[in-house]
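Biologist: I've got the model open, but I'm not sure how to read it. Can we go through it one feature at a time?

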Amino acid sequence: TGVEVSQTGAAGTYAASQSITQTGGAGSATIHARIASTATVGAISANITHTSTNLATQNVAVTGTVTAAPAITTSVSTLNLGSTTQGTPSSPALSYTVAGSNLTVNVTVTAPTGVEISQTGAAGAYAASQVLTQTGGAVNGTIHARIAAAASVGAISGNITHASTGATTINVSVSGTVTTVVPTIAPSVATLPLGSTPQGTASTPQSYTVTGSNLTVNVTVTA
């Protein structure tokens, strides 16, 4: 159990047993043996047996070890990053944990378009991807995710992927919305007393400031 053999070593030719054809009483073949992908975790210790009618069974002892496969897990499977206006990253960022076991290489975390991620959540630490370093085959990290300031107006969707060689890629689906920035005009005062003046004489001018943001056309001021 846990071992498979082939006479050619070619893909698709491995099985639990093989038959060596005899011709004129003679038979010869090369046997390729390997641990099967279906073998359970633990030690392999058994015999490959060779039998033929009226002959003593000949054994080839085999040993080996099946180790646990690399695995990645995340504390969440979905994230709703909320809504933000174009040009402003969403706040607060949402976080989750990533764990890995039996890894042979680091875990690469990649965000979809319009999303950025960080391992610390600190300003300037966000990027499209992050690498979680494995130590002794293990990873324990935190990912902070938010809608990027550069995201286009519209719905945000996709997967944050978590990948490492030999491990099944784990996805965390993300959603969110980027809205159009609303133009604003803001006079510095709501009322402006102009005082009193005789007919035919202009009064002393009074002033205030007008501030506009996110404008697409000029501001027209009409008295």
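Biologist: Let's start with contacts. Which residues is threonine 142 in contact with, leaving aside its neighbours within four places in sequence?

Modeller: Contact means heavy atoms within 4.5 Å. For threonine 142, that leaves Ser95, Tyr96, Thr97, Ser118 and Gln119 as partners. Keep in mind that this is a predicted model: local features need pLDDT of at least 70, side-chain atom pairs count only at pLDDT 80 or more, and totals for chains, interfaces and linings use all residues. Residues are numbered from 1 along each chain as its sequence is written, and side-chain values use heavy atoms, with hydrogens and water left out.

Biologist: Where is threonine 142 found? And is it buried, exposed or partly exposed?

Modeller: Threonine 142 sits in strand 11, a strand being a DSSP run of E with at least two residues, numbered from the N terminus. Buried means under 20% relative accessible area, exposed over 50%, and partly exposed in between, using a 1.4 Å probe and protein chains only. Threonine 142 has a relative accessible area of 30%, so it counts as partly exposed.

Biologist: How far apart in space are valine 153 and threonine 142?

Modeller: C-alpha to C-alpha, they are 28 Å apart, with their positions 11 residues apart in sequence. Valine 153 is in the loop between strand 11 and strand 12. There, valine 153 touches Gln86, Val178, Thr179 and Thr180, not counting residues up to four places away in sequence. Valine 153 is partly exposed because its relative accessibility is 42%.

Biologist: Back to a contact of threonine 142, namely Ser118. Is serine 118 buried or exposed?

Modeller: Serine 118, in strand 9, has 0% relative accessibility, so it counts as buried. Outside the four places either way in sequence, serine 118 touches Ala125, Tyr126, Gln130, Thr142, Ile143 and His144. For polar contacts, look for a pair of N or O atoms within 3.5 Å; within protein, one must be able to donate a hydrogen and the other to accept it, and residues adjacent in sequence count only if both atoms are side-chain atoms. A polar atom of the serine 118 side chain lies 3.0 Å from the backbone nitrogen of threonine 120.

Biologist: And which side chain does glutamine 130 join in a polar contact?

Modeller: The side chain of glutamine 119, at 3.3 Å. A polar atom of the glutamine 130 side chain also lies 3.0 Å from the backbone oxygen of isoleucine 117. Glutamine 130 is in strand 10 (residues 129-132), and it is buried because its relative accessible area is 13%.

Biologist: Now the core. How many residues does the largest nonpolar core have?

Modeller: First the background: in soluble globular proteins, nonpolar side chains tend to be buried together. A nonpolar core here is a set of buried Ala, Val, Leu, Ile, Met, Phe, Trp, Tyr and Cys residues joined through side-chain atoms within 4.5 Å. The largest one has 23 residues, and Leu79, Tyr96, Val109 and Ile160 have the most contacts inside it. Strand 11 gives the most to this core, with four residues. Leucine 79 itself touches residues including Leu94, Tyr96, Ala145, Ile160 and Val172.

Biologist: And empty space? Which residues lie nearest the centre of the largest pocket?

Modeller: A pocket is an open set of points on a 1 Å grid over the protein atoms alone where a 1.4 Å probe fits, with protein on both sides within 12 Å along at least five of seven lines; lining residues have an atom within 4 Å of a point. Nearest the centre of the largest pocket are Gln18, Ile48, Thr49, His50 and Thr51, out of 23 lining residues. Strand 3 gives the most to that lining, with five residues.

Biologist: Last one, backbone oddities. Which residues does a cis peptide bond join?

Modeller: Serine 91 and proline 92, with omega at about 0°. Proline 92 is in the loop between strand 6 and strand 7. Check asparagine 54 too, which has a positive phi of about 70° although it is not a glycine. Asparagine 54 lies in the loop between strand 3 and strand 4, and its relative accessible area of 78% makes it exposed.
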